[in-house]
Amino acid sequence: MTRESTAPNGRYLLKGATLPNGDGADILIEGGRIVSTGTGAADAATTVIDAAGLVALPGLVDLHTHLREPGFEQSETVLTGTRAAAAGGFTAVFAMANTLPVSDTAGVVEQVQALGQAAGYATVRPIGAVTVGLAGELLSEIGAMAQSRAAVRVFSDDGKCVHDSLLMRRALEYVKTFDGVVAQHSQDPRLTENAQMNEGALSSELGLKGWPAVAEESIIARDVLLAEHVGARLHICHLSTAGSVDVVRWAKARGIQVTAEATPHHLLLTEELIRSYDARYKVNPPLRRDEDVQALRAGVADGTIDIIATDHAPHPRESKECEWDAAAFGMVGLESALPVVQTALVDTGLLDWADVARVLSNQPARIGRLTGHSHSFENGAAANITLVDPAARSVFELDRLHGKSTNTPYEGVTLSGSVRWTFHQGFPTLRDGVLADTAETATAAREFARSQEVNA
Amino acid sequence: MRHLLSTKDLSRAEAIQILDIAEDMADVQTREVKKLPTLRGKTVVNLFFEDSTRTRISFEAAAKRLSADVINFAAKGSSVSKGESLKDTAQTLAAMGADGVVIRHHASGAPQVLAQSDWIDAGVVNAGDGTHEHPTQALLDAFTMRRRLHPGASRGKDLDGVSVVIVGDILHSRVARSNLWLLRALGAQVTFVAPATLVPVGASTWPVELSFDLDATLAATRPDVLMMLRIQSERMNAAYFPNAREYARQWGLSDERLARLRPDSIVMHPGPMNRGLEISAGAADSTQSTVLEQVANGVSIRMAVLYLLLSGEREALS
Amino acid sequence: MARTVLQQADTARALTRISHEILESNRGADDLVILGIPTRGVLLAERIGRLIVEIEPGEGTDAGLTGARRDAADLVGSLDITMYRDDLSKHPTRTPQPTQLPRQGIDGKTVVLVDDVLYSGRTIRAALDALNDLGRPRAVRLAVLVDRGHRELPIRADFVGKNLPTSRDERINVRLAEIDGVEEVTIEG
Ligand SMILES: [Zn+2]
């Protein structure tokens, strides 16, 4: 093997990496694929990366990202959002549908997907709206979106709940036709009118309108029963309460096809932070009590909660530099996700790295019907790989953020773990903590796409 | 004291200090010359995002009697209603050289956001924020109680063992919250009486007795102080209770209930009153009512607060 | 190092002399009001008031007091000047003390202000302003236990316990039995 590498995206040897199962391996990547894992020697054309002490994970997959384009480009674009993704170790993101125009037609989802492909930092899979304009009245063109170039499989009105029971039933049934899944944002709108934070003694003390747990749990309970009744797949976005974990656990025991996600922030932060009235802690669903955080962690550990997704929600500064009621809901989360997961779940002994690979890569890929991302480092698998330094421990600062917005709740918080390298389709989008150049990444993505067409 | 945002932050000693200084200010109010030169050259801005003529003129009188310059900045008819942010407004006031900002805002926590920000370096007084707190109202209520309970000898006194019953829309009342924390700090026993719909979730964890039954509470506690809260008509539309008649019958202070109070019990109301709804005209105008004293005492308390916030050298940010 | 400049007996003698001087200049105790400036000025004013009543127990001539023996409480009060200070913003917030005037008020009276130490004169300037807002005395006099010099305003004392030349960086400590447990005036370099 001395020939010059002509394959796109070059040849890399990740030397001395630790696989999720704990085995040590030298991982050789070439032409966007994993060529071998074992112990390998490098030739002159191979870039050798010292991966000693680093954990190799299948590229992380985020089932819940707000990329904001089209329509809210002052907050984020597909390019900036996927740069943030690469910096956080993600090689694929599912882009939520609450754009402007709403991603409720084949045209919009194809545009978003194409922007992602052109940028090259991560695979972008658009999520289609369940209802036209997220208005909760008419089903959107789910079939057209599913059969478009974007091949949409996840449908969600995220930000709004599909609260009409009949419409939800129809949506669950209809997406079955296309092997899709409805990802529900579970929030009873009447019980949460103008709600600002978790309802309890603290919301009463702070004078902020309460967001009762039952507003989430009652929708989840209804939806799992609907999913059971129509025999459809249901995915529940961002569970935030202990009661929600109980309902999902019950549903799974009953054999209902339900999957559930939790966000990193709901696994680490509690409502106590809101005493500051600092709007960086304003998020939907709201931060809850410590009991809820513990229940969510237990839910992830025992598999009741299938995946962790960021709900990366960028907002411009002025949307957070204001009084609480006026502030926007949401936090950015792509760059902090892995450190938060390590801090909350790995360091606490609840998950090992194989579990992390499961909840942050393999399961989200499976739920979203994303090919090429779920792997166990087998030969021939697409080279979507993330290298993490689990020994790193540092104070999270704004310079770790690479998107357009800085609304992170973790500024100044000490977190474990650091994503060092990210390979998307065999191309290093993150190189020992430094993001690859935008033009170089776009060129690599173009050449890779062309090589795939030639091979096909 | 750098800001006054909440009574929850006040210790007993701090609360008594404010009340005692208010006694000095009240003495000044009985003189022919009611003005003190203390805050000459200081600028106090009344920043009102929510209408309240009463509270604004009380703060205005307090600031003027301490010789401060007063700027009234009302949301209506100003750039605020055109969507200018709290941040821009604060920076404008900073550029005008405001030393103190008295802020009323419909959003809970807005005064704290202003105080924590680097938009303006002024002392911030919370003049009522959303359904959070209204600390100067609670201070003037405590001041009024103390003066009634210890006529002519209230200086230095706390409210140990005093029983206070607060009746009405606890859920939406910043007055009830501020009163609870302050009265507890001063040693009083507090009972909230309200229909279950108007009791805040989680209030059972607060240091307060909760009751749905006004008559039973009055019979059991024979309170020193009965405080009636204003009921807003929009609560009826939001199904917190069926109608005004039922509310008045169950939770209003009628003449008949007034007659059952101890003759030395005092009746308080933060105003403005809905006569015939939460309080009968007879109760409002009785000698047991402190409604007008509360108004006069409001100026003394606000003078004391402005003095404490604005007279000394600026405390370093902690 | 602190050096004692007045012992207990010296203070007592000085106050007795000041009391006599006040009575002499006022031609008796009628229409006389002694106002102490908190904190220690109030204690000194109370002592002077008692001395004056001892010296001139006489009969009160004010309405309501006719025939009664004079009582120091009718003569003595306190005048808080906190709200009139010109240096409030240069110090941590001060807690004001109550102002208590004798029942007879100050209109048309001779008011003797009493303080422990006279230094820059700014305290007395504030006291004069405060007095001005309370009424219109016939005359205002000033009695101090120690005058240490370094005046910044055109103010002088009418009755002085002891003139004590000092340098600006020295400290004068007046300690009175009632609140300090000891009775002495010391100077610290
Ligand atoms: Zn959502």
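**Helix α9, chain A**

I started with α9 of chain A, residues 290–301, in what is a predicted model. I get 12 residues and 17 Å from first C-alpha to last, close to the 16 Å expected at 1.5 Å a residue.

Which residues of α9(A) are buried? I noted A:D292, A:V293, A:A295, A:L296, A:R297, A:G299 and A:V300. So that I don't forget: buried here means under 20% relative accessible area. The list has A:D292 and A:R297 in it alongside A:V293, A:L296 and A:V300.

What covers those buried residues? I found helices on the list, including α7 (242–253), α8 (264–268), α10 (337–346) and α11 (353–367) of chain A. The strand β15 (307–308) of chain A is also part of the cover.

I then stepped just past the end of α9(A), where A:G303 takes a positive phi of about 85°.

**Chain C**

I moved on to chain C and counted 4 helices and 8 strands. Reading from the N terminus, I wrote the order down as β-α-β-α-β-β-α-β-β-β-α-β.

How does the radius of gyration of chain C sit against the globule rule? For 189 residues a compact globule would come out near 16 Å, and chain C has 16 Å, so the two agree. The box around its C-alpha atoms is roughly 55 × 35 × 30 Å along the principal axes.

I have 49% of the 189 residues of chain C down as buried. Of its contacts between residues at least 6 apart in sequence, 68% join residues at least 24 apart. Chain C exposes about 9300 Å², with carbon and sulfur atoms supplying 45% of that.

On charges, I tallied 26 positive and 30 negative side chains in chain C. The centres of the two sets lie 4 Å apart.

**Chain B**

Last stop was chain B, which gave me 12 helices and 9 strands. A compact globule of 318 residues would have a radius of gyration near 20 Å; I read 19 Å for chain B, which agrees. Its C-alpha trace spans about 55 × 45 × 35 Å along the principal axes.

What share of chain B is buried? I have 60% of its 318 residues. For contacts with a separation of 6 or more, residues 24 or more positions apart account for 76%.

I put the exposed area of chain B at about 12200 Å², 51% of it from carbon and sulfur atoms. Chain B carries 35 positive and 36 negative charges, and I find their mean positions 3 Å apart.

Conventions
Residues are numbered from 1 along each chain as its sequence is written. Chains are lettered from A and ligands numbered from 1 in the order in which they are written. This is a predicted model: local features need pLDDT of at least 70, side-chain atom pairs count only at pLDDT 80 or more; totals for chains, interfaces and linings use all residues. Side-chain values use heavy atoms; hydrogens and water are left out. Helices (H or I, at least four residues) and strands (E, at least two) are DSSP runs, numbered from the N terminus. The expected span of a helix is 1.5 Å times one less than its number of residues. Buried means under 20% relative accessible area, exposed over 50%, partly exposed in between (1.4 Å probe, protein chains only). Contact means heavy atoms within 4.5 Å. The radius of gyration is taken over C-alpha atoms; the globule rule is 2.2 Å times the number of residues to the power 0.38. Accessible areas come from the Shrake-Rupley method with a 1.4 Å probe; for residues, only the protein chains shown count as cover. Lys and Arg count as positive and Asp and Glu as negative; His and the chain ends are not counted. The place of a charge is taken as NZ of Lys, CZ of Arg, CG of Asp or CD of Glu.
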